[in-house]
Every structure is written in C-alpha cells, then in structure tokens.
Amino acid sequence: MAAGNRIKRSVSLYSFQEEYYDGRLDLEGCLSAVASTGATGVEVLAEAMFPDFPNPSPEFEAQWFGWLAKNGLTPTCYDAFLESKIYRNRVLTLREQVAMTERDICLAARFGFRTLRTLCSTPLEVIEGSLACAEKESVTICLEVHAPFALDSAWSDLYLEMIHRTGTKRFGFMPDFGMFYRNMPPIARAQALRKGAHPDLLRFVDEAFEQRVAKGFVPIRYSLDLAAANQAYRRENGMVDLRDKLVSLGANEADLGYLFMSYNFTWNDPSVVTRNIAHIFHTHAKFHEVDEQYVDTTTPLPEVLAAYVAGGYDGYLSSEYEGNSSLNDALPVDSVEQVRRQQEAMRRILEA
Amino acid sequence: MFQQVFDPEGYAVLTQDGRPVGFQFGMKLQYYRGAPLSIVLDLEVWLDGGKVPRESLRVVNRGDVFTLVEMETVVDHRWEFGRWGTVQVLLDPAPAPGPHRLGGTQTIRPSYMPHMIVVHADTEFTLPG
C-alpha cells in the first residue's frame with residue numbers, strides 16, 4: 001500500500017473497559033496506555049469515565065488537558081448515548097432528545113473533540129435538530145454504522161438525503177469494523193466450547209455465517225422501533241430457521257448464544273467505504289483479537305484499510321477492542337496488549 | 001460478564017437504634033458505562049437460597065437511599081461504571097454474623113439496545129459481627 005496517506009490512529013477507551021472496571025486502570029492510566037500503543041488520538045465514553053458526568057468540573061477539565069499534553073494525545077471522538085428511555089412511562093420527546101444531544105455536543109467541544117459518535121438508533125429528526133448546535137460548536141456528528149446496519153442501504157440513504165437537503169457539513173458516518181467480519185471470532189467459539197457448546201453445532205453456525213458472507217446480508221431497515229427492526233433483520237437472514245434447526249439437533253444455551261452472537265456481525269465489501277468516503281469522518285476499528293503475528297482473526301485489515309486509502313480518508317481509525325467479553329469468563333484479559341497489536345498491524349499496513 | 005461483581009470488603013450489618021435490621025453489600029453495575037438509576041429496571045437478591053422481597057431492597061447513591069420503586073424516577077443519580085454501589089437489604093430477623101451465600105441479578109435497560117441486559121452472579125461471604 002502506498003505510504004503518504006493521511007490516515008491517523010486513535011484508541012477508543014471502550015477498549016480498556018475490563019481494566020477500568022477492575023480498577024487496574026483509571027482514566028489517567030488509560031490515556032497513558034493509549035500513548036503506549038503508538039496511537040496519537042483518543043476517543044472517550046464520557047458516561048463511563050468522566051467524573052460527575054454530565055457536569056464535569058473545571059478542575060477535571062484542566063486535569064484532562066494536562067493528561068492529554070503529557071501523553072501527546074489529541075481528542076478524536078466523543079461517544080454519545082442518547083438515553084431516551086430514562087422514564088418508565090414514556091420516551092423523551094423530540095425536543096428533549098435534541099437537548100440531550102446538544103448537551104453532549106457542548107461537552108465534546110469543551111473537552112476538545114471534533115467528532116461526536118451518535119448511535120445507529122438515533123432518529124433522523126434528532127440529528128437534524130442538533131445541526132445548528134454542531135455548527136456553532138464545530139463538532140461533526142457521526143452516525144455509527146454498526147452491524148447489522150450498513151452503508152449503501154435504504155437506512156443510510158435516508159440520512160444521506162438529509163445531508164443533501166440541508167447542505168450540512170456537520171454530519172456524516174462512522175463505520176464500525178463489525179461490518180467487516182469475514183468469520184466468527186475464534187475466541188468466541190472457544191468461549192462457547194468452554195460453556196458446553198457442541199462443536200458440530202458451532203460448525204453449523206460458522207458455516208451459516210460463511211454462507212451469509214458469500215451470499216450477502218439482507219440489510220436492516222430504518223425504524224424507530226429498533227427491537228422490531230432487529231428481529232426482522234434476523235428473521236430475513238435466516239436466524240429463526242437456524243435456531244429451530246439447532247434446537248432440533250439438541251442445542252443448549254451455549255450453542256444458541258453463539259448463534260445469536262453471529263447476527264451481531266456482518267461482512268460488506270470494503271469498497272463501500274471508498275464510495276462513501278466523502279461522508280465518513282471517523283471509524284471504529286472494532287476487533288476481537290489480533291494474534292502474535294499481527295493478524296486480525298476476523299477482519300482482513302489490509303483489504304479494509306486499502307479501501308480507506310483509496311478514498312483518500314484523512315480521519316482516524318480508532319481501535320475498539322471487544323474481545324474481553326469472550327475471555328473474561330475464564331481467561332485473563334490484556335486489552336492494552338491487544339490494542340497495541342492492532343495499532344501495530346494498522347501502522348504496518350498504512351506505512352508500507 | 002465482568003468477574004468482580006460483589007465488593008469483598010462491602011459486607012456490613014445494618015443497624016437502627018443499635019438493633020440489627022439487615023445487612024448491606026457492594027455491587028458493580030454490569031454494564032460498560034454508568035447509567036441513571038432509572039435505567040436499572042430491577043435488582044433481585046437471594047440470601048442463603050431464599051429470595052429477598054423486592055420491597056426490602058434499598059440502593060444508596062450519593063448519600064441518598066432509594067427503594068426500587070422510587071428508583072424508577074431517579075434520573076439524576078448515576079450508578080458509575082466500575083464503582084461499587086451499595087445495596088441495603090432490610091430483613092427481620094437480620095442475618096447472623098458468619099458465612100452466607102448471596103445471589104444478585106441486575107436487569108438494565110439501556111435506551112438504545114433492542115434487548116435488556118440481565119446478569120446474575122453468586123458469591124459466598126462472611127458477614128462481620
């Protein structure tokens with residue numbers, strides 16, 4: 001791959017959730033760990049690690065910028081969560097949801113972030129209603145394209161239409177590499193076996209996933225009822241039939257858990273990134289495992305990164321390690337080493 | 001699932017006017033970020049195999065004490081990620097000091113998820129005298 005591209009590397013602190021939960025890393029330690037992996041950017045979940053969220057103190061703000069300077073890090077993306085169901089008896093109104101998004105945009109700007117991740121479940125009207133604030137604060141709202149959502153789909157077309165209609169430069173997409181899983185994570189399979197799954201039934205699930213990869217996935221549709229949309233997606237991609245088949249073969253909870261997990265990932269031809277690059281402002285480099293040879297065990301990084309280079313992407317690829325949950329039932333988790341390996345793998349590809 | 005669910009140092013007898021009225025324990029939220037208490041739909045607790053009535057549970061957050069019914073409206077107190085939350089269990093008679101078995105289930109409803117998170121964990125502990 002031709003060097004000279006302007007792609008930068010970041011780490012989402014989602015990656016270090018295991019160490020943070022256990023108390024092995026605090027926020028300052030997480031930032032130091034990010035720097036140790038070779039990344040120059042950091043992405044945060046303020047709701048996980050910012051003290052007194054959503055009202056962090058000026059003292060913390062000063063500390064934050066001090067830690068960034070000490071570690072040579074640039075804030076990249078602020079991950080927002082539109083907590084629209086805080087009340088039991090109703091969903092927040094559109095006005096309330098916009099206000100919550102504006103709160104997050106202002107927090108992102110205050111802490112130096114230029115992009116804000118909004119979840120794929122965010123109603124289009126909430127984003128559109130927040131654009132003026134995003135413009136004022138110079139923060140670009142990025143809709144996470146998280147599997148099973150996809151670019152070049154009826155779902156993403158609705159948001160693209162809004163971009164064209166409003167002419168906004170403060171909204172775009174951020175793909176998540178869960179849309180580039182060519183096979184199930186081996187560590188997830190190993191975990192299912194530890195929990196008593198049947199090897200032959202797991203093979204059945206793996207083969208069904210491989211068939212979906214070869215044949216193509218039926219994309220999920222836009223809906224404010226995410227549960228219904230997700231159920232329809234799973235049904236249309238054969239999950240109900242597969243489940244019934246597995247049950248008839250004597251599947252247990254571990255087998256079925258592996259089956260359900262297999263619907264959390266998809267494969268898309270990476271060229272979808274190149275075609276949509278004008279609207280991509282950040283990226284979650286989601287992964288489960290990078291082995292000792294610096295090979296991602298699910299995502300063909302050379303192929304995927306080539307699509308970013310081909311499009312002239314100049315944003316961040318932000319490591320998002322998710323393998324901890326496939327290990328922590330029985331095995332030690334070293335998120336920092338996993339992120340270091342993925343960063344090194346990406347560096348080698350981008351600088352080759 | 002995270003491994004360290006219960007605080008090994010968090011067990012204590014609850015007293016009122018010098019009389020034992022129950023016990024308390026520490027527990028972490030089984031989620032990857034903090035959440036308003038109203039998002040925690042339910043807590044279930046078992047002591048020595050018996051389920052504790054829901055109305056006997058209290059959650060302590062920033063010095064305030066809430067029943068689970070009250071928690072439904074608590075949107076400004078957050079159960080912080082990776083921090084011990086205190087759960088009080090009112091029991092008459094109060095459990096005796098010594099070894100016990102504890103079970104706990106959290107049901108969490110993050111707004112964006114198409115499903116709820118339900119996590120159960122068990123442990124053995126010694127209630128100090």
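How many Å separate the centres of domain 1 of chain A and domain 2 of chain A, taken over C-alpha atoms? I put this at the head of the page, and the figure I noted is 26 Å between the two centres.

**Entry 1: the model and its scores**

Before going further I wrote down that this is a predicted model, and that it scores ipTM 0.95 and pTM 0.95. For chain B I also looked up the confidence by residue, and I found a mean pLDDT of 96, with 100% of the residues of chain B at 70 or more.

**Entry 2: the two domains of chain A**

I noted that chain A is divided into domain 1, which takes in 8-181 + 266-351, and domain 2, which covers 183-264. Where these two domains meet, I counted 23 residues from domain 1 of chain A and 18 residues from domain 2 of chain A in the contact. I then sorted the domain 1 side by class, and the residues of domain 1 that touch domain 2 came out as 12 nonpolar, nine polar and two charged.

**Entry 3: where chain A touches chain B**

Turning to the pair of chains, I recorded 25 residues of chain A in contact with 20 residues of chain B. On the chain A side, I saw that helix H1 (17-22), helix H3 (46-49) and helix H10 (226-236) each supply at least two residues, and that the largest share, four residues, comes from H1(A). By class, I listed this side of chain A as 13 nonpolar, six polar and six charged residues.

**Entry 4: chain B as a whole**

I looked up the make-up of chain B and found one helix and 11 strands, which follow the pattern β-β-β-β-β-β-β-α-β-β-β-β when read along the sequence. The radius of gyration of chain B is 14 Å, close to the 14 Å that the globule rule gives for 129 residues, so I entered chain B as being as compact as a globular protein of that length. Along the principal axes, I noted that the C-alpha atoms of chain B fill a box of roughly 45 × 30 × 25 Å. I also wrote down that 29% of the 129 residues of chain B count as buried, and that, among contacts in chain B between residues at least 6 apart in sequence, 69% join residues at least 24 apart.

**Entry 5: strands of chain B**

In which order do the four strands of the open sheet in chain B stand? I read the order as S5-S4-S10-S11, with antiparallel pairing, and I marked strand S5 (50-51) and strand S11 (117-127) of chain B as the edge strands, each of which pairs on one side only. Strand S4 (residues 40-47) of chain B is joined to S5(B) by two bridges, and these strands run antiparallel; here I noted Trp46(B) standing opposite Lys51(B) in S5(B).

I then followed strand S6 (residues 57-61) of chain B, which pairs with S9(B) in the antiparallel sense over four bridges, with Arg58(B) opposite Gln88(B) in S9(B). Four bridges also join S6(B) to strand S7 (residues 64-67) of chain B, again antiparallel, and I recorded Val65(B) in S7(B) as the bridge partner of Val60(B). S6(B) and S7(B) form a hairpin with two residues between them, and in the turn I found Arg62(B) with a positive phi of about 50°.

**Entry 6: cis peptide bonds**

I looked up a cis peptide bond that joins Phe53(A) and Pro54(A), with omega about 5°, and placed Pro54(A) in the loop between H3 and helix H4 (58-71) of chain A. In chain B, the peptide bond from Asp92(B) to Pro93(B) is cis, with omega near 5°, and Pro93(B) is found in the loop between strand S9 (84-90) and strand S10 (98-108).

**Entry 7: positive phi at two aspartates**

I noted a phi near 55° at Asp152(A), a positive value in a residue other than glycine, and found Asp152(A) in the loop between strand S5 (140-145) and helix H7 (154-166) of chain A. Is Asp152(A) exposed or partly exposed? With 15 C-beta neighbours inside 10 Å, I entered Asp152(A) as partly exposed, because residues between the exposed limit of 12 or fewer and the buried limit of 20 or more fall in that class.

For Asp17(B) I also recorded a positive phi, near 55°, in the loop between strand S1 (12-16) and strand S2 (19-28) of chain B. Asp17(B) has 5 other C-beta atoms within 10 Å, so I entered Asp17(B) as exposed.

Methods. Residues numbered from 1 in each chain as written. Chains lettered and ligands numbered in written order. Predicted model: local features only at pLDDT ≥ 70, side-chain atom pairs only at ≥ 80, totals over all residues. Contact = placed C-beta atoms within 7 Å. Nonpolar A, V, L, I, M, F, W, Y, C, P; charged D, E, K, R; others polar. Pairing = 2+ DSSP bridges. pLDDT = per-residue confidence, 0-100. Domains from an automatic or database assignment. Rg over C-alpha atoms; globule rule 2.2 N^0.38 Å.
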